[in-house]
Amino acid sequence: MADKQISLPAKLINGGVAGLIGVTCVFPIDLAKTRLQNQQNGSRLYTSMSDCLIKTIRSEGYFGMYRGAAVNLTLVTPEKAIKLAANDFFRYHLSKDGQKLTLLREMLAGCGAGTCQVIITTPMEMLKIQLQDAGRIAAQRKLMPQAVTPGGPVEVKSPTAMQLTRQLLKEKGIAGLYKGLGATLLRDVPFSIIYFPLFANLNNLGKRGADVKFLSVSMLSRQYAVKQLASSRNGALIKTRLQSLTRGSQEDTYSGVTDCIRKILRNEGPSAFLKGAYCRALVIAPLFGIAQVVYFLGVGEFILSYLPKRNN
């Protein structure tokens, strides 16, 4: 498969299809990550990812593992489309006469992609986290009623994404949906600076053959290695804590990134930053592996080439 320019509509379709497939596959693990990260000392319900998923199924049913998935499935298409298309856009404009990009320029392209991505990522994560964590709060009310007091910013027993959005816009305006923007930038920009150049260089280590199946497996394997290296970031926990609106009476509240880091170190110790790290690695490795396989196989181009035939 020779390198070639992919049209913007094809990039958007590739990002959307890849995101929908990936989110559907790994969302239960992402839910466990969110609940594990939001647990603080004195209000621990789950001991591990498997314990969290088992208790979630018992108390909320199978579809309880997909609480908040509708938000992701709705917004993941523009999010992935922006991320992938922006990286290609910056790489194209940073290249000189089609020559191979230097490592610095590859990192700059990744930085631009990560910065553009948070336009969608921040409100998407904000809403998703509330919906994912609602089950944990409900379980606390049943099992540890002393650990939760009413009066959080959003007092809806079983909130929907639309209810949360209207409440946040009414109380805080558009800024309410972008709470935790700084932490999201600290997480996603360094990640993209590492991820995109690393993937591009690992991908160039092996020659792409004509066999599509071999290409898919090869890319997925390299993608898994990329994700394991890039998923060492700890900003995910800080972002999750800052974006959570409902807390127990014994759980800390935070005014910003610095305050969050200081309180976590003081009350929970450095190991708290690794909460949910295993889940995070399990989520992003296959998630972006699927995304890049779909992207490079040209699913978007195939769909665009097929649509005119259907209209004839």
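**An all-helix chain in a predicted model**

N38 is found in helix α1. The model examined here is predicted. N38 counts as buried, because its relative accessibility is 2%, under the 20% cut-off. Leaving aside residues up to four places away in sequence, N38 touches I129, D133, R136, T240, R241, S244 and E251. L237 is 199 residues away from N38 along the chain, yet the C-alpha atoms of the two are separated by 7.9 Å.

The chain as a whole contains 11 helices and 0 strands. From the N terminus on, the order of elements is α-α-α-α-α-α-α-α-α-α-α. The chain has 312 residues, and 49% of them are buried. Contacts often span long stretches of sequence. Among those between residues at least 6 apart, 81% join residues at least 24 apart. The exposed surface of the chain comes to about 14,900 Å². Carbon and sulfur atoms supply 64% of that surface.

Confidence varies along the chain. The mean pLDDT is 79, and 78% of the residues reach 70 or more. Among the elements, helix α2 (residues 49-60) has the highest mean pLDDT, at 91. Helix α7 (residues 212-230) has the lowest, at 52. Over residues 149-156 the pLDDT is below 50. This stretch still has 11 contacts in the model beyond near neighbours in sequence. Where pLDDT is low, the predicted coordinates should not be read in detail.

Helix α2 also holds D51. D51 counts as buried because its relative accessibility is 17%, under the 20% cut-off. Beyond residues up to four places away in sequence, D51 touches L45 and Y46.

The nonpolar interior was examined next. In soluble globular proteins, nonpolar side chains tend to be buried together. The largest nonpolar core in this model has 15 residues. V23, Y195, F196, V283 and L287 have the most contacts inside this core. Four helices each supply at least two of its residues: α1 (8-38), α3 (69-94), α6 (181-205) and α10 (277-297). Another core, of 10 residues, lies apart from the largest one. Its members include A32, C52, L53 and M65.

Helix α6 also contains S192. S192 counts as buried because its relative accessibility is 0%. Not counting residues up to four places away in sequence, S192 touches K83, G110, G114, Q117 and P197.

Empty space inside the model was searched for as well. Rolling a probe the size of a water molecule over the atoms shows where empty space is left. The search of the whole structure finds 2 cavities of 30 Å³ or more. The largest cavity holds about 250 Å³ of space. Its lining consists of 22 residues. E79, K80, E125, R280 and L287 lie nearest the centre of this cavity. At least two lining residues come from each of α1, α3, α4 (103-143), α6 and α10. L287 thus appears in two settings: among the residues with the most contacts inside the largest core, and among those nearest the centre of the largest cavity. Helices α1, α3, α6 and α10 likewise each supply at least two residues to the largest core and at least two to the lining of the largest cavity.

Terms used. Residues numbered from 1 in each chain as written. Predicted model: local features only at pLDDT ≥ 70, side-chain atom pairs only at ≥ 80, totals over all residues. Heavy atoms only, no water. Core = buried A, V, L, I, M, F, W, Y, C linked by side-chain atoms within 4.5 Å. Buried < 20%, exposed > 50% of the residue type's maximum accessible area, 1.4 Å probe, protein only. pLDDT = per-residue confidence, 0-100. Contact = heavy atoms within 4.5 Å. Areas by Shrake-Rupley, 256 points an atom, 1.4 Å probe, with all protein chains shown as cover. 1 Å grid on protein atoms, 1.4 Å probe; cavity = no way out; pocket = protein on both sides within 12 Å on 5 of 7 lines; lining within 4 Å. Points joined across faces, edges and corners; volume = space filled by probe spheres on them.
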